[in-house]
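Let's take a walk through a protein model together, one step at a time. Have the sequence and the picture ready, and follow along as each place comes up.

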Amino acid sequence: MREPKRVAVLASGGGTNLQALIDHFNPAPAPAARVELVVASRAGIGALARAERSGIPGVVLEGQDALAGRMLAEMERHRIDLVVLAGWLQLVPPEVVERWHGRMLNIHPALLPAFGGKGMYGMRVHRAVIESGVRVTGATVHRVSDRYDEGRIVAQWPVPVLHGDTPERLAARVLAVEHRILPLAVEALARAGDPPPEVLGPLSFDLLEAPAPPSESIRVTLAHDAEPSS
Ligand code: GRF
């Protein structure tokens, strides 16, 4: 039986996406992947407490000073196969992106390439979405490159912008979708073979089924889309 892929999750905040990954993978009897390390950008954040509650090692890597070396050392020590940025607010050092090329994913709370890039995070994204007047936003999972929010898109799930939405209400609906789409995208990557193909997915989900289609129907799409292309 194939060993589960060892996942490091990088987080800067409350860690609800981390929790979705832990819940999806860690208790499963034979998961495709398992969260084995949490890297936090500062001490005391919710993501670290969640790691601790689940018995997953957590490490704080504060500041930019020698970040690449420290991050590489931790991830190599834990024999990490896949890296997931789940609310990680800094640019990942190029050495780390290079080392996990094609095996690093980020979740963004909008439909990229719209509403992404430097400074577009958290409530700023949802405020910009509402101010722009678009009627649809959503969540995007994409491969990480050395530029903010620009790697190849793996999965997207649309969320309608409702009349009278506040950034907070919209954020909550998008976050619920993030919690569904992220584990599915990580699972697709974990099952995609080694090295993973350049093009993964795209996994996309039907707006008409929002907020969440039954998981069985997602799995069918996923199994089909995750087939290695060769
Ligand atoms: C999510 O909206 C994620 O997309 C964004 O930051 C938020 C993190 O939430 N990058 P959490 O820390 O996973 O709860």
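Before we start, one definition will help: helices and strands are DSSP runs, numbered from the N terminus. Keep in mind, too, that this is a predicted model.

Let's begin with the ligand. Which residues surround the ligand? Around the ligand you will find Gly13, Gly14, Gly15, Thr16, Asn17, Gly87, Ile107, Pro109, Leu175 and Glu178. Sorted by class, this shell holds three nonpolar residues, six polar ones and one charged one. Two helices are worth colouring in your viewer: helix 1, residues 16-25, and helix 6, residues 167-190, each give the shell at least two residues.

Now zoom in on some individual contacts. The side chain of Thr16 has an N or O atom 2.5 Å from an oxygen atom of the ligand. At Asn17 the backbone takes part instead: a polar backbone atom there is 2.8 Å from a ligand oxygen. Glu178 joins in through its side chain, with a polar atom 2.4 Å from an oxygen atom of the ligand. How much of the ligand does the protein bury? On its own the ligand would expose 360 Å², and the protein buries 81% of that.

Next, step back and look at the space in which the ligand sits. The ligand takes up space in the largest pocket, whose volume is about 740 Å³. This pocket has a lining of 37 residues, and those nearest its centre are Gly87, Trp88, Leu89, Tyr121 and Gly122. You have met Gly87 already, in the shell around the ligand. By class, the lining is made of 17 nonpolar, 16 polar and four charged residues. Helix 1, strand 5 (104-108), helix 5 (123-132) and helix 6 each contribute at least two residues to this lining. Which of these elements gives the most? Helix 6 does, with four residues.

There is another pocket to visit. The second largest pocket has a volume of about 200 Å³. Its lining includes Pro94, Val97, Glu98 and His101, as well as Arg143, Asp146, Arg152 and Glu198. Here the largest share of the lining comes from helix 4, residues 94-99, which supplies three residues. The class count for this lining is three nonpolar, four polar and five charged residues.

To finish, turn to a few details of the backbone. Where can you find a cis peptide bond? One joins Leu112 and Pro113, with omega at about 10 degrees. Pro113 lies in the loop that runs between strand 5 and helix 5, and you may recall that strand 5 and helix 5 both help to line the largest pocket. Another cis peptide bond leads from Asp194 to Pro195, and its omega is near 0 degrees. Pro195 belongs to the loop between helix 6 and strand 8, residues 203-204.

The last stop is Ala66. This residue is not a glycine, yet its phi is positive, near 55 degrees. Look for Ala66 in the loop between strand 3 (58-60) and helix 3 (67-77).

Terms used: Residues are numbered from 1 along each chain as its sequence is written. This is a predicted model: local features need pLDDT of at least 70, side-chain atom pairs count only at pLDDT 80 or more; totals for chains, interfaces and linings use all residues. Side-chain values use heavy atoms; hydrogens and water are left out. A residue is near a molecule or strand if one of its heavy atoms lies within 4 Å of it. A polar contact is a pair of N or O atoms within 3.5 Å; within protein, one must be able to donate a hydrogen and the other to accept it, and residues adjacent in sequence count only if both atoms are side-chain atoms. Accessible areas come from the Shrake-Rupley method with a 1.4 Å probe; for residues, only the protein chains shown count as cover. On a 1 Å grid over the protein atoms alone, a cavity is a set of points where a 1.4 Å probe fits but cannot get out, and a pocket is an open set with protein on both sides within 12 Å along at least five of seven lines; lining residues have an atom within 4 Å of a point. A molecule sits in a cavity or pocket if more than half of its atoms lie within 2 Å of its grid points. Ala, Val, Leu, Ile, Met, Phe, Trp, Tyr, Cys and Pro count as nonpolar, Asp, Glu, Lys and Arg as charged, and the others, Gly among them, as polar. Grid points are joined across faces, edges and corners, and a volume is the space filled by probe spheres set on the points.
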